[in-house]
Amino acid sequence: MDKLRIAMIGAGRRGAGGWLPVITTFEDQLELVAVCNTGNPRGEEAANKHHTRWYTHLEQMLDKEKPDIVAIAVNPGRTYEVAMPILERGISLVTETPIAAQLNQADAMIAKAEETGAKLEVAENLYRVPQE
């Protein structure tokens, strides 16, 4: 089986501290092709640590790296704006709860995934466990 090419959007505590260690655990199935965040040095540090490329521009990364799947760990208020360019390209994604800040944004994300054939997975944000 070919490895899935995965990109990580967000390099804060959840992205770099939660998602990236899990992604690298599955290195026999996943190839981390990029880390993308908006200029914060944590993105560059995370990319260097995991021996991959760092981007500050989402669409540039998507067009150059052509990932099969993207993991998103951003502030819920930004999920929609990050997810739509991914889904418009027919790229599958996994994001955290909540799916979006507004119901109409969630509906638009679901509709775009159905339209383009992309898979849209919403996972529980486990970073806060065991505090709950």
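Contact here means heavy atoms within 4.5 Å. The model is predicted, with local features requiring pLDDT of at least 70 and side-chain atom pairs counting only at pLDDT 80 or more, while totals for chains, interfaces and linings use all residues. Residues are numbered from 1 along each chain as its sequence is written, and side-chain values use heavy atoms, with hydrogens and water left out.

Leaving aside residues up to four places away in sequence, I9 touches C36, L58, M61, V70, A71, I72, A73, V74 and V82. I9 is also among the residues with the most contacts inside the largest nonpolar core, which has 25 residues; the others named are L58, M61, V70, I72, I86 and L87. A nonpolar core is a set of buried (under 20% relative accessible area, 1.4 Å probe, protein chains only) Ala, Val, Leu, Ile, Met, Phe, Trp, Tyr and Cys residues joined through side-chain atoms within 4.5 Å. At least two residues each come from β1 (4–9), β2 (30–36), α3 (58–65), β4 (69–72), α4 (79–88) and α5 (103–116), these being DSSP runs numbered from the N terminus (helices H or I, at least four residues; strands E, at least two). The largest share, five residues, belongs to α4. Apart from this core lies another of 14 residues, including L20, I23, A71 and V94.

The axes of α3 and α4, lines fitted to C-alpha atoms over the stretch in contact with angles from 0 to 180 degrees between N-to-C directions, come within 10 Å and cross at roughly 25°. The two helices are therefore roughly parallel, a term for angles under 35 degrees. In their contact, L58, E59 and L62 of α3 meet V82, P85 and I86 of α4.

Definitions and conventions
Buried < 20%, exposed > 50% of the residue type's maximum accessible area, 1.4 Å probe, protein only. Parallel < 35°, antiparallel > 145°, perpendicular 65-115°, else oblique.
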